[in-house]
Amino acid sequence: MTITANWSYPTAIKFGAGRIKELADHCKALGIKKPLLITDRGLAPMPITQNALDILDAAGLGRALFSDVDSNPTDVNLTAGVKAFKDGGHDGVIAFGGGSGLDLGKCVAFMAGQSRPVWDFEDIGDWWTRASVEGIAPIIAVPTTAGTGSEVGRASVITNSETHTKKVIFHPKFLPAVTICDPELTVGMPKVITAGTGMDAFAHCVEAYSSPFYHPMSAGIALEGLRLVKEYLPRAYKDGADIEARAHMMSAAAMGAVAFQKGLGAIHSLSHPVGAIYNTHHGMTNAVVMPPVLRFNRPAIEDKIGMAAAYLGISGGFDGFYDYVLKLREELGVPDKLSALGVGTDRIDEMAAMAIVDPTAGGNPVELTLDAAKQLFKECI
Ligand SMILES: [Fe+2]
C-alpha cells in the first residue's frame, strides 16, 4: 500500500511523504501571490521551515515569515501577526507547525478581515455570524506534528494574555483551503513531543467517541483513530524515522479533530486551565489527566468503551481499556501526576472554576460539577 492520497474530506488534503514540494503550486492555485508563513519561534530556524520558505522563494512567492508565536498563542501574538500580514501586503497564510503555528496562522488569516476584537468571535452560540467573510485570507495548513488536528479544524485556541484563559475562536472559514500532510515533516520531532502530540490525538478520539451527542460518523472516525494510535504511536515513538508509523499518526491526528466535532470532555476541560496557568504541553497534560477522567466517566461510558476495546483487540472491556491506557502512558514516558509538570495544589479552586466553564465541559458524559473538578484535580496533581 502506498500511503499517498488526495482527500477532500473535510477539506482538500494532500497526503503523503515529500508532498511539501507542492506548496507553491497550491499557493498559485488559490491565487496567493504573497504568502506569509506563520510558525512558532522554536520551529522558525529549523530546516523543515527553511525548506518550505525555499520552495516559496524558488517559485517567486517570497520568503516572508512571522514567528513571534508562543507555545500557547496569545492575543498579543495575534495582533502582531495581523500587523505583519497587513504591513507586508500579504494575500494568504501558510499556517505551519504544531498547534501553536497552525492556530495562530489560521486566526491571523481570519482577523485580517475583521474590525471587531477577536473575543467577539468566541465559540458561543452564533457569534461567528458577526464576522465579515470577504476579508478572510486563504489558508494553507502544513502540520509538523501529529496531534492537534488543527489542520482540519474550524477553530483556533487563543490564550487571553490578561485573564490567562484559553478561548476557542470559531468560524467555518478557519478550515484551511488546502492541507498538506507530509509525514516527513514530523520525523525530527523530539520523543517527548511525539508522545505528547500523539496522546492529544488519542484524547480527541476517546473524548469524541465518549461524548453523549448523536454523531455516528464522528464516532466511527474516532474509533479508527484510536486503532491507528494504538498500532503506530509506540512505533513512531521508538523510531522517529519510521515513515509508515509517522504517516498513520498524521492520519490519526486529523481524524481526532474531525471526530471532535462531536464534542470533547473533561480531559480537555482540566487540561486547558492547567496549560493556560502553567504553560504545560497540551497533549502531555491530557495524557496525565486521562486515567482519573476515565474513572470519573466510567458509569456513563463503560459499555461504549467496552465496544471500542473489542475493536482494538483489547480484552477485558472497560478495565482492559483502562489498563491499556496506563501501559501506553508508561511506554511513552508520560508522568503519572501533574506535579511532575510543575503543577501545584495551590490553585485548584481557580482551575476547577475555569474547567467547568470551559467549552469542552458540556461534552463530558458525566456532568462536571465544581466539586467534581476539584476532586479530579486533587487526584491528578
Ligand atoms: Fe487537544
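**A tour of the interface between domain 1 and domain 2**

Across the interface of domain 1 and domain 2, one residue pair is in polar contact, with both residues at pLDDT 80 or more. The rule finds zero salt bridges across this interface. The model is a predicted one, and the stops below follow the chain from its domains to one hairpin.

Begin by colouring residues 5–185 as domain 1 and residues 189–380 as domain 2. The centres of domain 1 and domain 2, taken over C-alpha atoms, lie 25 Å apart. To the contact, domain 1 contributes 25 residues and domain 2 contributes 27 residues.

Next, display the surface between the two domains. Domain 1 and domain 2 bury about 2,100 Å² between them, and 66% of this area is on carbon and sulfur atoms. Now select Ala 146, Lys 166 and Pro 183: these residues supply 25% of the area that domain 1 buries against domain 2, more than any other three residues.

Then select strand β8, residues 165–170. With three residues, β8 gives the most to the side of domain 1 that touches domain 2. The residues on that side of domain 1 divide into 11 nonpolar, nine polar and five charged.

Extend the selection to strand β7, residues 155–160, which pairs with β8 in the antiparallel sense over six bridges. Within this pairing, which residue stands opposite Lys 166 in β8? Select Thr 159 to see the partner of Lys 166.

Finish at the turn of the hairpin. Four residues lie between strands β7 and β8, and His 164 in this hairpin takes a positive phi near 55°.

Technical notes: Residues are numbered from 1 along each chain as its sequence is written. This is a predicted model: local features need pLDDT of at least 70, side-chain atom pairs count only at pLDDT 80 or more; totals for chains, interfaces and linings use all residues. Side-chain values use heavy atoms; hydrogens and water are left out. Domain bounds come from an automatic or database domain assignment. Contact means heavy atoms within 4.5 Å. Buried area is the accessible area (1.4 Å probe) that two parts lose on being put together, summed over both. A salt bridge is a side-chain nitrogen of Lys or Arg within 4 Å of a carboxyl oxygen of Asp or Glu. A polar contact is a pair of N or O atoms within 3.5 Å; within protein, one must be able to donate a hydrogen and the other to accept it, and residues adjacent in sequence count only if both atoms are side-chain atoms. Helices (H or I, at least four residues) and strands (E, at least two) are DSSP runs, numbered from the N terminus. Ala, Val, Leu, Ile, Met, Phe, Trp, Tyr, Cys and Pro count as nonpolar, Asp, Glu, Lys and Arg as charged, and the others, Gly among them, as polar. Two strands pair if DSSP finds at least two bridges between them.
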